[in-house]
Amino acid sequence: LDDIVAAQAKIRELKGALAEIDDNHSKSQEALGELEKQHEKLRREYAAAKEKLEQIKVFEYDKSGRAPAWMRLMVYETLVCGTPPSSVDGIVRAVLKHVAPFIKVKMPVENTIKYMRVEIGLVSDAMSALVLANLVRILQIGHDATEVNGTVMLAANIRGELGGGKKIDVMLRGCFVAKGRTSVLELKSILEAMEHMKSVLKNWRDEHDRLFPDGPAHDLPDPDGIDLTKLLGGSIMSDNANQDKELIVAHLLSAVKEMVEEGDAEALAAMSDDELNDLVGPLIVTCARHTSNLLVDYGAEAEFAYLKTA
């Protein structure tokens, strides 16, 4: 009997131990599941951090000593912001010292940065040429010339429309040296700038084909897409002198006559230039700023004359 009682006690003890083992196993499984979740979270965080670290640029040059494309773009943007070439290195180092002090900076020398400043003009022309060639039509061209220390500078801003109706603004060569300040020379300057943009885009396409003869093929637009006749049906805005705007209109109408097919030549000949202009010509718009300046000037002159007689 004593043996039976002792055996029953032992069985109860073993059952308790087994229950405790089961409970510990369940807790261990829960802890293991939690650890696996934390491990997965840490793995994702590590992958994201690694991806970000891999995006950090390294200040290194190729075997011939040429700066990588991203560094040239960084220098371009710094120079465009008005930074002198002599200060670009110092500014880059100052920013990185506070943002990413672990990056070792090795910038191009000042003379190289000066050359990069010259490159900006070509990069800007290439960007503008790409947009101009892709335009479906030119909605408006606004141009004006001014003389600075004996040099005539011309700016021509273009509002255009891309496929799908998207509107975009682009400058024609920024502010560039014009042939002169007369209306005829301003028109010639604009047409010459258009031809320059064509040549930039053509050279870009040719250079791509030379560098990548086996592909991939470029998707650059046809340089002939840079054409002032896209202004037909648009508008021309400038200062209060209408002669230069009228010359552009005359140029466009002449281009229309050249494009008309032979069979329509008789119908075109029966139309006057005014009728043709009403049909396809651009509108002539006067800049509101110039007009308001004239009103202010006239008002100031009248007030000054009044005060002299008072």
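# A tour from the strands to the cysteines

Three bridges, counted as 3 in this predicted model, join strand β1 to strand β4 (residues 235–238), and the two run parallel. Select I141 and you will find I236 of β4 opposite. Step on to G142. Its opposite residue in β4 is M237.

**Next, the other partner of β4.** Select strand β5, residues 283–286. β4 and β5 are joined by 4 bridges and run parallel. To see one facing pair, pick S238, which stands opposite T286 in β5.

**Now go back to β1 and select its hairpin.** Show β1 as residues 137–148 and β2 as residues 151–161. These strands pair in the antiparallel sense, over 11 bridges. Pick R137 and look across to β2: E161 is the residue opposite. Then go to the turn. The hairpin leaves 2 residues between β1 and β2. N149 sits in that turn, and its phi is positive, at about 50 degrees.

**Move to helix α4 and select D125.** The helix covers residues 110–134, and D125 lies in it. Is D125 buried or exposed? Its relative accessibility is 6%, so D125 counts as buried. Show what surrounds D125. Leaving aside residues up to four places away in sequence, D125 touches R173, H196, M197 and V200.

**Select helix α3, residues 85–99.** This helix has 15 residues. From first C-alpha to last, α3 reaches 22 Å, close to the 21 Å expected at 1.5 Å a residue. Colour the buried residues of α3: P85, V88, V92 and L96. Where do these residues sit around the axis? They cover an arc of only 45 degrees, which puts them on the same side of α3. Among the elements covering these buried residues are α2 and α4. Now rotate to the face turned away from the buried side. There you find the exposed residues K97 and H98.

**Select F59 and W70.** The structure holds 1 aromatic pair, formed by F59 and W70. The ring centres are 5.2 Å apart, with 85 degrees between the planes. That geometry is edge-to-face. What does the pair tie together? F59 lies in the loop between α1 (2–55) and α2 (69–80), while W70 is in helix α2, so the contact ties together parts that are 11 residues apart in sequence. Check the burial of each ring's residue. F59 is buried, with a relative accessible area of 9%. W70 is partly exposed, at 23%.

**Last stop: the cysteines.** How many disulfides does the structure hold? The count is 0. Select C81 and C175 to follow one case. C175 holds the cysteine sulfur closest to that of C81, yet the distance is 19 Å, too far for a bond. A disulfide would need the two sulfur atoms within 2.5 Å. While C81 is selected, look at its surroundings: C81 is exposed, with a relative accessible area of 67%.

Notes
Residues numbered from 1 in each chain as written. Predicted model: local features only at pLDDT ≥ 70, side-chain atom pairs only at ≥ 80, totals over all residues. Heavy atoms only, no water. Phe/Tyr/Trp six-rings, centres within 6.5 Å; stacked < 30°, edge-to-face > 60°. Buried < 20%, exposed > 50% of the residue type's maximum accessible area, 1.4 Å probe, protein only. Contact = heavy atoms within 4.5 Å. Pairing = 2+ DSSP bridges. Expected span 1.5 Å × (residues − 1). Arc of directions from axis to C-beta.
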